[in-house]
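The following paragraphs are intended to be read alongside the sequence and the coordinates. They proceed from a sheet to the domains, then to a single residue, and finally to the contact between chains.

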Amino acid sequence: MSILQVKDLSIEFSTRNGGVKAVRGVDLWMNKGELLGIAGESGCGKTTTALSIPRLLPNNATITGGSVVFDGQDLSKLSEAEMESIRWKEISVIFQGAMNALNPLRTVGHQIAEPILLHEPGVSKKEAEERAKALLEEVGIAASRYTNYPHEFSGGMRQRVMIAMSLACNPKLVIADEPVTALDVMIQAQILDLLRKMKREHDLSMIMISHDLSVLSELCDKIAIMYAGKIVEFGDAREVFTKPRHPYTIRLMKSYPNIYGEKTFVSGIPGYPPNLIHLEPGCPFVDRCEVCMEECRHREPVLSEIDDDHYCACVRGE
Amino acid sequence: MKNKNSVLSQLWKDHMGKAGLILLAIVFVMAILGPMVFPFDSSQTAQSSSEILNAPSVEHWLGTDDMGRDVFRSLLFGARISLFVGLMATLISIIVGTIVGLVSGYYRSIISVILMRITDVFLAIPVLPLIIVLAAVFGQSIFITIMVIGLTSWPSTARIVRSQVLSIRERMYIERIKNLGASDFRLMFRHVFPNVLPLIYANTVLVIAGSILSEATLAFLGLGDPVNVSWGTMLHYAFVSGAMGRGAWWYIIPPGVGILVIVLGFTLAGHCLDEITNPKLRRV
């Protein structure tokens with residue numbers, strides 16, 4: 001059963017230098033209980049795409065087109081007030097940068113209880129506190145630390161707090177924006193385990209944003225590779241990881257060292273992503289692509305099914 | 001002190017802070033306990049001219065004033081008035097300044113511009129002549145004095161609070177809490193305000209010193225409350241009655257020293273508190 005369907009989503013940021021087309025016609029879908037990974041380099045529109053689902057974009061961003069259907073409801077047609085009732089209760093977010101996303105002057109417990117108090121007006125303070133304590137226990141922190149302040153917690157623990165906070169109102173969909181960035185590898189593994197456990201126990205669907213393919217390969221059912229505001233490859237995670245088809249995905253995979261097999265140099269991708277204010281016609285990846293053809297300079301390829309549950313936006317694959 | 005890092009114990013560790021605390025302790029004891037032990041009635045004037053401007057004696061420790069009242073008792077009572085006016089005026093000033101600073105710092109809209117221009121106007125007007133005019137127009141009572149001082153001394157607080165709010169507003173957790181759906185009011189007072197509080201503390205203590213000084217100035221110029229005699233009022237009467245020319249030093253020096261001690265105490269404590277709460281000012 002499909003829980004989320006994003007169709008032809010476009011988002012533009014107005015800046016002093018002109019409009020930045022951060023997201024240009026994105027199509028995405030996922031089923032209930034799945035974990036969708038969104039990968040891509042900085043500025044490719046991962047976070048913008050994901051945060052546009054609960055409409056938590058900055059003020060200078062406008063959704064210029066497309067629709068977001070969540071659980072049978074078209075979110076793009078809802079008013080701000082109706083959206084407010086969806087946020088946190090239905091869709092919650094684990095924000096990027098847990099280190100700085102906690103108010104240093106309020107106790108951790110209060111901050112976990114805050115979404116409950118804000119979104120469930122009937123709940124008493126006492127009840128919210130009980131629930132927050134239960135959530136702390138659930139993410140592996142003793143309830144007695146409810147009254148601690150963020151500086152008394154380590155980075156990993158703060159990330160656990162952020163996870164607890166995102167689950168406070170029992171959402172159906174959780175968007176985790178770079179949940180393990182800036183944590184060391186040991187803690188990364190623990191946090192990923194925790195996310196997996198939470199997803200299973202709370203029967204969640206989850207979108208995870210990361211630029212780290214190794215993190216996504218570990219957890220995801222589906223994966224979307226984004227480049228310059230577009231999805232270039234999308235599909236079953238195992239399929240995409242074992243048989244990448246888009247030249248960008250292929251180069252991205254080669255940019256990570258393989259822990260098995262021969263010692264080889266990590267290749268990286270030379271060049272820079274295109275300017276999203278003044279986009280040239282044609283495929284956005286053309287200047288960095290090793291296998292580009294003349295046609296790529298004139299026509300932008302569309303996302304099309306190349307295999308069972310495997311979609312790719314490349315002229316060669318069409 | 002129980003907590004090793006409490007603000008008071010940090011003040012006590014600093015030479016400047018310690019001096020300030022001692023001076024303030026003296027003034028507060030004088031103001032609170034003094035009039036209980038040595039009651040003073042400003043209407044109890046001398047019956048005969050022989051009791052006027054007497055030099056210090058066993059009966060009158062600091063002599064008598066131009067109306068034959070005991071200067072020592074008057075001094076203790078004056079401490080109360082000076083402190084009361086200073087604290088109340090500061091309370092008004094801090095409340096107005098904090099609200100103006102918070103609101104103008106938090107909103108990016110036209111509200112912020114209007115509030116800041118009003119603040120600029122108040123900063124640009126020479127305050128003392130303004131206070132004198134207002135006090136002269138509205139009359140001589142300590143409540144008028146409190147209002148006048150309070151409503152003219154808030155701009156510096158507003159500026160300080162605003163600059164800090166501008167920085168706090170951009171922090172990630174504020175963004176996050178906004179996304180949680182918290183109202184502007186909740187964000188401002190529950191999340192931004194606690195982060196500016198330390199700055200407000202330090203500023204408050206300095207504003208108290210300024211307010212007491214303003215009150216003394218007003219009273220000295222004859223705009224004080226004649227019934228509630230403050231140290232400034234004492235100086236005024238001493239000056240008018242020509243105590244200086246008659247060599248009545250006991251009438252002039254005590255209130256003068258009193259004002260010095262109280263203002264110095266608050267200033268020392270305030271600067272030290274500023275250093276504690278604002279790490280950028282801390283000496284290496």
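In what order do the four strands of the open sheet in chain A lie? The order is 2-1-4-5, and the pairing is antiparallel. This description, like all that follows, refers to a predicted model. The sheet is bounded by strand 2 (18–31) and strand 5 (73–74) of chain A, the edge strands, each of which pairs on one side only. Within the sheet, strand 1 (residues 2–15) and strand 4 (residues 61–70) of chain A run antiparallel and are joined by eight bridges. The pairing can be followed at the level of single residues: Lys7(A) has Ser67(A), in strand 4 of chain A, as its bridge partner.

The next level of description is that of the domains. Chain A is divided into domain 1, made up of 2–90 + 172–266, and domain 2, which covers 103–170. Between the C-alpha centres of these two domains of chain A there is a separation of 25 Å. Their contact involves 13 residues from domain 1 of chain A and twelve residues from domain 2 of chain A. On the domain 1 side of this contact, helix 6 (residues 185–201) of chain A gives the most, namely six residues. By class, that side of domain 1 of chain A comprises ten nonpolar, two polar and one charged residues.

A single position in chain A may now be examined. Val232(A) belongs to strand 10 (residues 230–236) of chain A. Is Val232(A) buried or exposed? Val232(A) counts as buried because it has 26 C-beta neighbours inside 10 Å, where 20 or more are required for that class. Leaving aside residues up to four places away in sequence, Val232(A) touches Ile225(A), Met226(A), Tyr227(A), His246(A), Tyr248(A), Thr249(A) and Ala313(A). A further spatial relation links Val232(A) with Pro301(A): the two are 69 residues apart along the chain, and their C-alpha atoms are separated by 9.0 Å.

The last topic is the contact between the chains. Here 16 residues come from chain A and eleven residues from chain B. Which element supplies the largest share of the side of chain A that touches chain B? That share comes from helix 3 (residues 108–119) of chain A, with four residues. Classified by residue type, the side of chain A that touches chain B has nine nonpolar, four polar and three charged residues.

Conventions
Residues are numbered from 1 along each chain as its sequence is written. Chains are lettered from A and ligands numbered from 1 in the order in which they are written. This is a predicted model: local features need pLDDT of at least 70, side-chain atom pairs count only at pLDDT 80 or more; totals for chains, interfaces and linings use all residues. Two residues are in contact if their C-beta atoms, placed from the backbone, lie within 7 Å. Helices (H or I, at least four residues) and strands (E, at least two) are DSSP runs, numbered from the N terminus. Ala, Val, Leu, Ile, Met, Phe, Trp, Tyr, Cys and Pro count as nonpolar, Asp, Glu, Lys and Arg as charged, and the others, Gly among them, as polar. A residue is buried if 20 or more other C-beta atoms lie within 10 Å of its own, exposed if 12 or fewer, and partly exposed in between; C-beta atoms are placed from the backbone. Domain bounds come from an automatic or database domain assignment. Two strands pair if DSSP finds at least two bridges between them.
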